[in-house]
Amino acid sequence: MKSTIKNILFLGGTGFLGSNVLHQMSARHPADYKLLVISRRSYPMPVLRKNITYVQADFTNAHDMERIFSGHKIHEVFHFISTTVPANSNSNILKDAEANIISTIRLLDLIVRYDVNKITYLSSGGAIVRDPSPLLFPEDSPYRFRSSYGVVKATTEEYIRLYREIHGINYLIIRPSNPFGLYHHSNINGLVNLSIRRALQAEKMLVWGDGSSEKDYIFSTDFADILCDLHDSGISNTIINIGSGTTLSINDVLLLVKEHIPGFSWTYTKEKSFDTSVSGFFLEQLYSLVSPAYTPTDEAIRRTVEWELARMKSQKTSSKLQINYEW
């Protein structure tokens, strides 16, 4: 009898949102999916289950990627890898484009050549559009950029849609709002987690701007649930915003963190040019497809504090605490 197990290649499964989605997918489908996760790192992985296999490989290395596809029958690909974040992408734009755009084009060629059914791509909500703009951003908002990161994300979206036109590959492009929560390790971006980390370390938080900028923040566990709902519903060949549907100012976030860690303090400095002023996302398409269940903000902050505290305790003497990585 022919096996019905689906092999999914997960690129970025050791990063922040990738780990959350991997955790949810492996738990929902322990007997239906085999998840193959590539990572450049050799130290312990964040999600360990019987249906997950980790392989050390480099997404930007053509030989490594060819080896993965030739050695495994891949049915789907989740592409959550980015070698940069908005804060550092402008420092070497050529390297950003080569590592992310060129590597993704090679990936798309492999998807075509090895007859892979679908690619799910993690794009960006805030880095693709900027002021002047509407209060809420639908998926067809015009492209405006402040960072190479945003240009790379938008360009990658267009190449994926081109491969749909030329080769008929199926895709799902996801544009998340501003996620926070479990498995967040970056020391560069992520207001909520960084604020909590500073507070737990009794360090003052440096805030860009006056703290009045409002954004949509989504708990990473909620994001993973929503994305898995979309995937399990077979949604394909579209771009979908995923957010919480509500906004908080930076000052709101800081005060929420302070409620849990009373000694927390911060100071303000000049706003960074790469930051966006995206306040919220138009979510009507999302709501027409699934029915998201959101964790109350205070509970989400509490769970994030607990995770950050556990992380600090387990890595207190480890130099890995200072490593920034996206996948």
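**View 1. Helix α3 on the sheet of this predicted model.** Helix α3, residues 93-113, lies across three strands: β1 (6-11), β4 (76-79) and β5. Compare directions with β4 and you get about 170°. Helix α6 packs on the sheet too, and its list of touched strands runs to β2 (33-39), β4, β5, β7 and β12. The angle between α6 and β7 comes out at about 160°.

**View 2. The open sheet, strand by strand.** Seven strands line up as β3-β2-β1-β4-β5-β7-β12, with parallel pairing. At the edges sit β3 (52-56) and β12 (238-242); each has a single partner strand, so one side of each goes without a neighbour in the sheet. Going from one strand to the next, the twist averages 20°. Zoom in on β5 (residues 118-122) and β7 (residues 170-176) and you'll find 5 bridges joining this parallel pair. One spot to look for is K118, which stands opposite N170 in β7.

**View 3. The largest nonpolar core, with V21 in the middle of the story.** This core has 56 residues, and V21, F223 and L230 have the most contacts inside it. Which helix gives the most to this core? That's α6 (residues 220-232), with 6 residues. Leaving out sequence neighbours within four places, V21 is in contact with F10, F78, F80, F223, A224, L227 and C228. Three of those names turn up again as a group: F10, F78 and F80 form one aromatic cluster. In soluble globular proteins, nonpolar side chains tend to be buried together.

**View 4. E76, a buried residue in strand β4.** Is E76 buried or exposed? Its relative accessibility is 3%, and because the cut-off for buried is under 20%, E76 counts as buried. The side chain of E76 makes a polar contact of 2.9 Å with that of H231. Besides H231, E76 touches K6, N7, I8, L9, V116 and K118, with residues up to four places away in sequence not counted.

**View 5. Two tilted ring pairs.** Searching the whole structure turns up 7 aromatic pairs. One of them is F69 with Y114, tilted, with 5.9 Å between centres and 40° between planes. This pair links distant parts of the chain, 45 residues apart: F69 belongs to helix α2 (residues 62-71), while Y114 is in the loop between α3 and β5. The two rings' residues also differ in burial, as F69 is buried at 1% relative accessibility, whereas Y114 is partly exposed at 23%. The other pair shown is F264 and W266, whose ring centres are 5.2 Å apart; the planes meet at 50°, so this pair is tilted as well. F264 is buried, with a relative accessible area of 2%.

**View 6. Y294 in its loop.** Look between α8 (284-289) and α9 (297-314) to find Y294. This tyrosine is partly exposed, with 29% relative accessible area. What does Y294 touch once neighbours within four places in sequence are left aside? The contacts are I218, D222, I226, G243, S244, L283, L286 and Y287. Take I226: 68 residues separate I226 from Y294 in sequence, yet their C-alpha atoms are 9.4 Å apart in space. G243 joins in through its backbone oxygen, which lies 2.7 Å from a polar atom of the Y294 side chain.

Methods:
Residues are numbered from 1 along each chain as its sequence is written. This is a predicted model: local features need pLDDT of at least 70, side-chain atom pairs count only at pLDDT 80 or more; totals for chains, interfaces and linings use all residues. Side-chain values use heavy atoms; hydrogens and water are left out. A nonpolar core is a set of buried Ala, Val, Leu, Ile, Met, Phe, Trp, Tyr and Cys residues joined through side-chain atoms within 4.5 Å. Buried means under 20% relative accessible area, exposed over 50%, partly exposed in between (1.4 Å probe, protein chains only). Helices (H or I, at least four residues) and strands (E, at least two) are DSSP runs, numbered from the N terminus. Contact means heavy atoms within 4.5 Å. Two strands pair if DSSP finds at least two bridges between them. Axes are lines fitted to C-alpha atoms, for helices over the stretch in contact, and angles run from 0 to 180 degrees between N-to-C directions. Rings of Phe, Tyr and Trp (its six-membered ring) pair if their centres lie within 6.5 Å; planes under 30 degrees apart count as stacked, over 60 as edge-to-face and the rest as tilted. A polar contact is a pair of N or O atoms within 3.5 Å; within protein, one must be able to donate a hydrogen and the other to accept it, and residues adjacent in sequence count only if both atoms are side-chain atoms.
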